[in-house]
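Q: Please take a close look at a single part of this model, the lining of its largest pocket. Then set it beside what can be said of the surroundings.

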Amino acid sequence: MTDFDLPAVMELERSMFPDDAWSEDMMSAELGEPTRHYFVAVRSGGDGGGEGEGPVVAYGGLRAAAPFGNVQTVAVDRAWWGRGVASALVVRMLTEAYSRAVDEVDLEVRSDNPRARELYRRFGFADVGIKRGYYRDGADAIAMRCSAPAAAIAGTRGGEQGEALEFGDSAEPAGDDEENA
């Protein structure tokens, strides 16, 4: 993710997290931090598309300060749910964590988001606690941890490091892979 991506990312951020959206200043500050690594998934060709289908279809952020990491955020445009986009972002973030000597990656996920929780479980994340009232609407967060990023990557069909995360037309059939995490 670069400053160029920020307007599209912020549009997606506000639509996916209306009650908990980060401000543009917060997101911009994250991009300037050396321990932060943010990634976007874009439509093939980056040509935009129909309503709700901009060139950025998803983004994810990782804080990596060896030996610990934290998935800061993952969001996928609803039109792209179930197409493996969040999985690709998780692979990319775990790969980045591993390359930066991170041994444990933590995250928080809404307790009322079972599909996202299942996505993270497939990548070796396990529940380690509950943060009561974590979100502005009072929802709890489930704290999860992946203690073996390399094993989680090896257990997936992830791409090569540095590979662009590009996805074709959202009209293609969707699976039940994941939703906004």
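A: Strand 3 gives the largest share of the lining of the largest pocket, five residues (strands are DSSP runs of E, at least two residues, and helices runs of H or I, at least four, numbered from the N terminus). This is a predicted model, in which local features need pLDDT of at least 70 and side-chain atom pairs pLDDT 80 or more, while totals for chains, interfaces and linings use all residues. Residues are numbered from 1 along each chain as its sequence is written, and side-chain values use heavy atoms, without hydrogens or water.

At least two lining residues each come from helix 1 (6–16), strand 3 (68–76) and strand 4 (104–110). The pocket (an open set of points on a 1 Å grid where a 1.4 Å probe fits, with protein on both sides within 12 Å along at least five of seven lines; lining residues have an atom within 4 Å of a point) has a volume of about 730 Å³. Among its 30 lining residues, Phe17, Asp20, Thr73, Arg110 and Tyr135 are closest to the centre. By class, 15 are nonpolar, five polar and ten charged (Asp, Glu, Lys and Arg count as charged, and Gly as polar).

Turning to other elements, His37 belongs to strand 1 (residues 36–43) and, at 9% relative accessibility, is buried (under 20%, with a 1.4 Å probe and protein chains only). Of the 15 residues of helix 3, 13 are buried, so this helix is largely enclosed by the rest of the structure. Just after helix 3, Ala101 adopts a positive phi of about 60°.

Note on methods:
Buried means under 20% relative accessible area, exposed over 50%, partly exposed in between (1.4 Å probe, protein chains only). Grid points are joined across faces, edges and corners, and a volume is the space filled by probe spheres set on the points.
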